[in-house]
Amino acid sequence: RKSEFVEPATVGLSHIVVAGEEEAKAVIARILDGEDFAALAKEISLDGETKEQGGVLPGRMVQGQALPGLEVPAVELEALFAAQPGDILDTPVQSGDGYHIFRLRERSEERQRPLEEVQEQIRRQLVGQKERELQAELMERLKEEYDVVIHQEAFGAAGEGGKE
């Protein structure tokens, strides 16, 4: 079951947010002409949370998943997983906040986690599975031995009583 222990590719991103698409294209041109991305972010980005950090987005984007905190679909940023650190997307990406110019800060490739790294997690999973099996087996034996009847509807009624 090696596929359960694969770490997906991730990227660290910076962005600049502007109001319009034409403005975003102009910013991309300025960056491609050699202007500093972080300085431009501090100067013109509309994102107050990342502006002072040069547009650095907290956390990492996982390949195939949406970017946390932004309304940008994963497919729009897939090209970043083939880019090199320092590269920017050459087309702006629209979200509810405006148009984003994204820059790749760092990238980590998908990797298979080695057994040494996951063996404790595997052990805990197997122990938990065996405990659940033994508990279920014990419950069945006790039900048979003591002729127990469980009224499931009573559990639902008890849980609802606290909400009234």
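In this predicted model, Ser-95 has Gly-98 of strand S5 as its bridge partner. The two strands concerned, S4 and S5, make a hairpin, and just two residues sit between them. They run antiparallel and are joined by three bridges.

The hairpin is part of something wider. S4 and S5 belong to an open sheet of four strands, laid out in the order S3-S2-S5-S4 with antiparallel pairing. Strand S3 (61-62) and strand S4 (93-95) take the edges; each has a single partner strand, so one side of each goes without a neighbour in the sheet. Strands in a sheet are held to one another by backbone hydrogen bonds, in a parallel or an antiparallel arrangement. Further in, strand S2 (residues 10-18) runs antiparallel to strand S5 (residues 98-108), and nine bridges join the pair. One of the pairings here sets Ser-14 against Arg-103 in S5.

Arg-107 also falls within the span of S5, residues 98-108, and its side chain makes a salt bridge with Glu-109, with the closest N and O atoms 2.9 Å apart. Neither partner is fully out in the open: Arg-107 counts as partly exposed because its relative accessibility is 26%, and Glu-109 is likewise partly exposed, at 48%.

That contact is one of 14 salt bridges in the model. Another links Glu-4 and Arg-1, whose side chains meet at 3.1 Å, N to O. Here the two ends get different labels: Glu-4, with a relative accessible area of 45%, is partly exposed, while Arg-1 reaches 65% and so counts as exposed, the cut-off for that label being over 50%. Some of the charged residues join up in a bigger arrangement, too: Glu-7, Arg-111, Arg-113 and Glu-117 are linked in a network of salt bridges.

Turning to the helices, H3 covers residues 115-146. It has 32 residues and stretches 45 Å from first C-alpha to last, close to the 46 Å expected at 1.5 Å a residue. Even so, H3 carries a kink of about 25 degrees, centred on Gln-121. Just past the end of the helix, Asp-147 adopts a positive phi of about 50 degrees.

H3 has a salt bridge of its own, between the side chains of Glu-140 and Lys-143 (3.4 Å, N to O). These two residues are three apart in the helix, so about one helical turn separates them. An α-helix has 3.6 residues a turn, which means that residues three or four places apart point the same way. Both members of the pair are partly exposed, with relative accessible areas of 41% for Glu-140 and 29% for Lys-143.

The helix also feeds into a nonpolar patch on the surface. Leu-138, Met-139, Leu-142, Tyr-146, Val-148, Ile-150 and Phe-155 make up this patch, and together they offer about 660 Å² of accessible area. H3 supplies the largest share, four residues. Leu-142 is one of the patch residues that lie in H3; with a relative accessibility of 33%, Leu-142 counts as partly exposed. That value clears the bar for patch membership, because residues in a patch need over 30% relative accessible area.

How values were computed: Residues numbered from 1 in each chain as written. Predicted model: local features only at pLDDT ≥ 70, side-chain atom pairs only at ≥ 80, totals over all residues. Heavy atoms only, no water. Patch = residues over 30% accessible without salt bridge, like charges linked within 9 Å, V, L, I, M, F, W, Y side chains within 5 Å. Areas by Shrake-Rupley, 256 points an atom, 1.4 Å probe, with all protein chains shown as cover. Salt bridge = Lys/Arg side-chain N within 4 Å of Asp/Glu carboxyl O. Buried < 20%, exposed > 50% of the residue type's maximum accessible area, 1.4 Å probe, protein only. Expected span 1.5 Å × (residues − 1). Bend = angle between axes of the 7 residues up to and from the residue. Pairing = 2+ DSSP bridges.
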